[in-house]
Amino acid sequence: MNKKNYTYLPHILGSLLFLSIPVLSSPDFNSGEPLFSLVPFQKSFFSHVLLLLFFYLNYGYLIPTFYFSKKLTVFFALIVVCYAAIAITPSLIFREQWPQQMQSPSEMKTNFPEIKMPPPTGMPKQPVEFSRFRAMRPIEGSTLFQFLLVFFVSLLLRINQRLTDIQSEKLNTEIAYLKAQINPHFLFNTLNSLHALAITKSDDAPEAIVKLSSLMRYVVTESSEDYVPLQDEIEYVKNYISLQKLRMDNSIDFQFEIKGNTDNKIISPLLLIPFIENAFKYGINPDEESAIAILIHITQNEVLLNVKNKKVSIDLPESEKSEKGTENTLKRIKHLYPDKHEITFHETDDTFEVNLKIELT
């Protein structure tokens with residue numbers, strides 16, 4: 001069953017439950033007579049059908065069109081019209097069929113001898129005609145209560161749905177904004193790598209440009225998605241590291257390992273790369289002993305990332321020392337995996353280490 005079916009299921013069950021009320025509450029429910037042949041039941045059941053139609057009319061059209069747009073006069077006028085239609089229509093459609101000529105009690109007493117019989121046990125001591133005319137009494141009071149109940153339930157549910165939609169839209173907008181901040185941060189770091197290759201006139205520069213093109217294609221096409229195949233995300237990390245290795249010499253102690261199977265797993269894009277970027281950004285200095293270790297371990301339901309780098313002296317402009325990339329990634333993780341992630345940072349005088357665990361969906 002897909003998500004859309006789950007959305008419709010409460011409405012279907014609620015509608016069936018609501019329409020069962022006149023059936024279960026009917027005094028003739030266990031009488032053995034067919035309920036739909038009884039006029040009082042027909043009125044009650046049809047009234048509930050109209051109330052149900054009013055619920056969805058109010059929920060789906062009247063409230064969004066008039067109430068949310070502050071057209072309250074028109075809104076409440078239409079509500080009154082709906083109530084009048086629900087209160088009057090059942091009585092107009094379903095009417096008791098009485099004999100055209102009904103003898104009065106005095107006529108009956110003249111034509112027939114008066115027979116006094118005790119009423120059956122458990123039956124009220126009243127004329128038969130009383131129960132018939134009682135069934136014809138107006139039920140405006142009951143209808144008004146039911147109408148107000150349906151009105152306020154539909155209003156509260158619609159307001160709650162609107163608040164949920166606003167919150168969801170706000171969250172999606174914020175995530176899109178955070179992604180937009182991450183992408184330039186990645187681009188700036190990568191261009192620094194290309195700049196270093198261009199200065200040294202490295203023969204690896206053309207290959208670096210091709211890899212950068214592949215990386216940017218992934219960023220443009222996949223970063224707008226909520227989730228991507230884990231295999232694509234890992235391939236993105238591999239290409240990034242390959243690009244960074246082009247400017248590394250043999251003096252740097254670099255370790256990179258991937259364990260586990262990526263098949264049939266998905267993850268939100270660009271969650272792993274900011275921590276790896278920072279390791280290259282703050283952990284490489286050709287004039288110092290540098291070390292970076294990256295481990296990605298994939299289990300059945302989790303992805304574990306461990307990144308550790310040795311601290312080195314770096315000369316970066318203040319604008320490049322910003323930690324916005326990491327901060328924004330942490331915000332995204334909290335939004336997308338609120339109860340399904342763990343992250344720890346461990347820092348000493350010489351090293352910096354981050355451990356991230358994400359439970360896959």
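Accessible areas come from the Shrake-Rupley method with a 1.4 Å probe, and for residues only the protein chains shown count as cover. The structure is a predicted model, in which local features need pLDDT of at least 70 and side-chain atom pairs count only at pLDDT 80 or more, whereas totals for chains, interfaces and linings use all residues. Residues are numbered from 1 along each chain as its sequence is written, and side-chain values use heavy atoms, with hydrogens and water left out.

**Figure 1. The whole chain, with its exposed area and its helices and strands.** The chain exposes about 23,000 Å², and 58% of this area is supplied by carbon and sulfur atoms. It holds 11 helices and 7 strands, where helices (H or I, at least four residues) and strands (E, at least two) are DSSP runs numbered from the N terminus. Of its 361 residues, 32% count as buried; buried means under 20% relative accessible area, exposed means over 50%, and partly exposed lies in between (1.4 Å probe, protein chains only). Among contacts between residues at least 6 apart in sequence, 74% join residues at least 24 apart, a contact being heavy atoms within 4.5 Å.

**Figure 2. Close-up of helix 3 and helix 4.** The axes of helix 3 (residues 39-67) and helix 4 (residues 72-93) come within 10 Å and cross at roughly 165°; axes are lines fitted to C-alpha atoms, for helices over the stretch in contact, and angles run from 0 to 180 degrees between N-to-C directions. The two helices are therefore roughly antiparallel to each other, a term for angles over 145 degrees, while those under 35 count as roughly parallel, 65 to 115 as roughly perpendicular and the rest as oblique. The crossing of helix 3 and helix 4 is right-handed, the near helix being turned clockwise from the far one by less than a right angle, whereas an anticlockwise turn would make a crossing left-handed. Residues making the contact include Phe46, Leu50, Phe54 and Leu57 of helix 3 and Phe75, Ile79, Cys82 and Ile86 of helix 4. By class, the contact has 19 nonpolar, 4 polar and 1 charged residues, with Ala, Val, Leu, Ile, Met, Phe, Trp, Tyr, Cys and Pro counted as nonpolar, Asp, Glu, Lys and Arg as charged, and the others, Gly among them, as polar.

**Figure 3. Close-up of Phe54 in helix 3.** Phe54 counts as buried, at 2% relative accessibility. Leaving out residues up to four places away in sequence, Phe54 touches Ile79, Cys82, Ile86, Phe147, Val150 and Phe151. The C-alpha atoms of Phe54 and Tyr83, which are 29 residues apart along the chain, are separated by 8.9 Å.

**Figure 4. Close-up of helix 8 and helix 9.** The axes of helix 8 (residues 205-222) and helix 9 (residues 230-245) come within 10 Å and cross at roughly 150°, and the two helices are therefore roughly antiparallel to each other. Their crossing is left-handed. Among the residues that make the contact are Lys211, Leu215 and Tyr218 of helix 8 and Glu233, Tyr236 and Tyr240 of helix 9. Sorted by class, the contact has 7 nonpolar, 3 polar and 3 charged residues.

**Figure 5. Close-up of helix 10 and of Asn309 in strand 5.** In helix 10 (residues 273-283), 11 of the 11 residues are buried, so this helix is largely enclosed by the rest of the structure; the buried residues include Phe275, Glu277, Asn278 and Lys281. Asn309, placed in strand 5 (residues 302-310), is buried with a relative accessible area of 6%. Beyond residues up to four places away in sequence, Asn309 touches Ala279, Tyr282, Gly283, Ala291, Ile292, Asp350, Thr351 and Phe352.

**Figure 6. Close-up of Ile314 in the loop between strand 5 and helix 11 (324-336).** Ile314 is partly exposed, with a relative accessible area of 27%. Apart from its neighbours within four places in sequence, Ile314 is in contact with Lys281, Tyr282 and Ile284. Ile314 and Asn285 are 29 residues apart in sequence and 6.8 Å apart in space, C-alpha to C-alpha.

**Figure 7. Close-up of the loop residues Asn264 and Leu270.** Most residues other than glycine have a negative phi. Asn264, found in the loop between strand 2 (253-259) and strand 3 (266-267), has a positive phi near 60° and is exposed, with a relative accessible area of 85%. Leu270, in the loop between strand 3 and helix 10, has a positive phi near 60° but is buried, with a relative accessible area of 3%.
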